[in-house]
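Colleague: I've got a model open and I'd like to learn how to read it feature by feature. Could you walk me through it?

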Amino acid sequence: MTAPLRSVLDLSETIVAQATAPGRGALAIVRVSGPAAHTIARAVLSRWPDEPRTAVRANVRDAAGVELDQAVVVRYDAPASFTGEHAVEIVTHGGALVPTTVLAALIAQGARQAQPGEFTRRAVLNGKLDILQAEATGDLVAATSRAAQRVALHQLDGGLSRRVLALRDDLLALEALIAYDIDFPEEDDGPIPPARILAAADAVIGALEALQATARSGELVRDGALVVLAGAPNVGKSSLFNALLGQARAIVTDIPGTTRDAIEAVIDTPAVPLRLVDTAGLRATDDPVERLGVEVSTSYLARAAVVLACGDDQQTLALARDAVAGHSSAPMLLVRTKIDLSAQPAAHNGAIGVSAETGEGLGPLLEEIGRVLGASGGALEVDAPLLTHARQRYAVERALAEARAFREAWREGGIPAPVAAVHVRSAVSVLEDLVGAIEIEDVLDEVFRRFCVGK
Ligand code: GDP
């Protein structure tokens with residue numbers, strides 16, 4: 001074990017950090033937590049709140065009595081705090097200097113600068129949050145889309161934990177059935193019919209599979225759904241791309257670059273973020289550079305969640321549709337561009353009409369993309385607990401593999417029940433680790449590695 005890890009685990013130390021982002025801002029929050037939090041904070045403050053969870057105004061001074069700031073102070077008494085420890089939040093003025101000098105004054109009084117995620121880690125160690133909720137805290141801060149925000153809040157509320165713990169309870173019930181069978185092996189057919197144990201195993205496997213299936217939605221929420229614009233040059237793809245960005249207004253990231261092959265931007269929609277990709281024209285070409293662009297397009301097409309086959313007349317629409325068909329198995333929407341130039345109605349021959357010029361049809365197109373995404377590969381359940389991290393997905397896969405191994409062993413017989421039952425026990429402990437195994441330090445390290453200092 002490395003030295004910093006040992007100090008991270010030392011709950012007898014009092015930690016301090018600036019919880020707000022550094023830089024120019026109206027206010028900053030300096031957070032202190034640990035057994036000596038009150039004593040240390042009192043030493044630098046001119047006033048101390050009589051009551052926990054009430055704000056008072058106080059001057060902050062360093063050890064030499066030099067005034068550092070006029071701040072607002074809230075004290076928390078253990079265990080009623082985020083970390084479960086004595087804690088103090090000092091709301092200082094923002095900027096580069098003031099919070100840093102306040103932090104230094106607290107360190108001079110005996111607090112230690114916190115490591116990234118250390119406040120949340122203490123909340124876990126003190127039983128205030130389970131690991132999935134701690135992970136959700138990190139996800140919420142990292143969220144760049146409304147879907148990610150919603151999923152993280154749901155997980156912070158314990159939604160995913162409850163679902164995992166319900167599965168663990170089902171496995172424990174299965175284990176109890178098997179134990180009963182082990183205790184009465186000689187009875188005819190046992191007191192528990194073997195078929196009942198199989199049915200219980202099937203049910204828990206089905207529930208684990210359902211949870212595993214949420215990983216796809218989790219991935220879409222985190223990375224966005226890849227929406228690829230395809231079609232011949234000049235049909236208006238780039239204009240549509242820009243118009244959609246303008247229509248969505250909430251642009252998550254804007255990745256300029258590589259005009260020749262593809263440009264990408266992520267826009268936010270209420271369901272999931274969309275990774276819009278404008279590809280190079282899909283026509284065959286002898287120009288080596290442009291061919292490179294076409295190759296990139298096909299690789300995007302192969303990974304697309306939805307393809308928008310664009311054309312500005314019947315002929316280019318058919319061309320786009322045929323070109324895409326060979327390269328993508330994703331649902332395809334036919335998009336008739338430049339309808340402001342056409343006498344035809346907006347929806348015509350199964351195509352959605354849009355105009356980058358007037359904005360007509362853009363809203364319905366975004367709605368249709370959301371509908372198609374929901375319809376392909378299961379509904380987008382962003383309001384239900386989702387697996388959003390590789391760690392979670394891996395744990396559920398392992399629990400599922402153990403549960404299936406048990407079912408196989410049980411069905412085939414020949415393996416003694418206590419041996420088959422080991423698989424169920426393993427599945428239980430995998431799920432327990434997923435939610436809360438605080439003794440597994442490497443899990444904690446993995447979870448808190450990405451945290452900011454002060455959280
Ligand atoms: P791309 O090569 O498919 O990306 O096509 P562009 O977006 O560059 O558009 C080709 C031409 O069509 C440009 O001159 C655009 O101004 C024009 N254009 C694109 N969309 C529209 C539209 O909705 N209405 C009209 N009137 N012109 C458009």
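Modeller: Sure, we'll go through a strand, the ligand site, some backbone oddities and the salt bridges. Keep in mind that this is a predicted model.

Colleague: Let's begin with strands. Which way do the side chains of β10 point, and are they buried or exposed?

Modeller: The general idea is that side chains in a regular strand alternate between the two faces of the sheet. In β10, Leu274, Leu276 and Asp278 point one way, while Arg275, Val277 and Thr279 point the other way, and all are buried. With six of six residues buried, strand β10 (residues 274-279) is largely enclosed by the rest of the structure.

Colleague: How many bridges join β7 to β10?

Modeller: Five, and β7 (residues 225-230) runs parallel to β10. For a spot to click on, take Leu226, whose bridge partner in β10 is Arg275.

Colleague: On to the ligand. Which residues are closest to it?

Modeller: Begin with the shell, then look at individual contacts. Here 14 residues surround the ligand, and the closest are Asn234, Ser238, Ser239, Asp340 and Ala356. By character, the shell splits into five nonpolar, five polar and four charged residues.

Colleague: And which polar side-chain atom lies 2.6 Å from an oxygen atom of the ligand?

Modeller: That one belongs to Ser238. The side chain of Lys338 also has an N or O atom 3.0 Å from a ligand oxygen. Gly236 takes part through its backbone, with an N or O atom 3.0 Å from an oxygen of the ligand. On its own the ligand has 580 Å² of accessible area, and the protein covers 70% of that.

Colleague: What should I look for in the backbone angles?

Modeller: Exceptions. Most residues other than glycine have a negative phi, and most peptide bonds are trans. In this model, Arg53 has a positive phi of about 60 degrees, and Asn234 has one near 75 degrees.

Colleague: Where do Arg53 and Asn234 sit?

Modeller: Both are in loops: Arg53 between α2 (37-44) and β3 (55-61), Asn234 between β7 and α9 (237-248). Arg53 counts as exposed because its relative accessibility is 54%, over the 50% cut-off. Asn234 is exposed too, at 69%, and you've met it already as one of the residues closest to the ligand.

Colleague: Which residues does the cis peptide bond join?

Modeller: Ala78 and Pro79, with omega at about 5 degrees. Pro79 is in the loop between β4 (67-76) and β5 (87-93).

Colleague: Last topic: how many salt bridges are there?

Modeller: The count comes to 18. What I'd ask of each pair is where its partners lie along the chain. Glu175 and Arg425 form one, with their closest N and O atoms 2.7 Å apart. That pair links distant parts of the chain, 250 residues apart: Glu175 is in helix α7 (residues 159-183) and Arg425 in helix α14 (residues 417-436). Arg425 is partly exposed, at 39% relative accessibility.

Colleague: And which pair meets within helix α13?

Modeller: Glu408 and Arg411, which lie three residues apart in α13 (residues 390-412), about one turn of the helix. Their salt bridge is 2.7 Å, N to O. Arg371 and Glu368 also meet in a salt bridge of 2.7 Å; they are about one helical turn apart because three residues separate them in helix α12 (residues 362-375). Finally, Glu13, Arg112 and Glu118 are linked in a network of salt bridges.

Conventions
Residues are numbered from 1 along each chain as its sequence is written. This is a predicted model: local features need pLDDT of at least 70, side-chain atom pairs count only at pLDDT 80 or more; totals for chains, interfaces and linings use all residues. Side-chain values use heavy atoms; hydrogens and water are left out. Buried means under 20% relative accessible area, exposed over 50%, partly exposed in between (1.4 Å probe, protein chains only). Helices (H or I, at least four residues) and strands (E, at least two) are DSSP runs, numbered from the N terminus. Two strands pair if DSSP finds at least two bridges between them. A residue is near a molecule or strand if one of its heavy atoms lies within 4 Å of it. A polar contact is a pair of N or O atoms within 3.5 Å; within protein, one must be able to donate a hydrogen and the other to accept it, and residues adjacent in sequence count only if both atoms are side-chain atoms. Accessible areas come from the Shrake-Rupley method with a 1.4 Å probe; for residues, only the protein chains shown count as cover. Ala, Val, Leu, Ile, Met, Phe, Trp, Tyr, Cys and Pro count as nonpolar, Asp, Glu, Lys and Arg as charged, and the others, Gly among them, as polar. A salt bridge is a side-chain nitrogen of Lys or Arg within 4 Å of a carboxyl oxygen of Asp or Glu.
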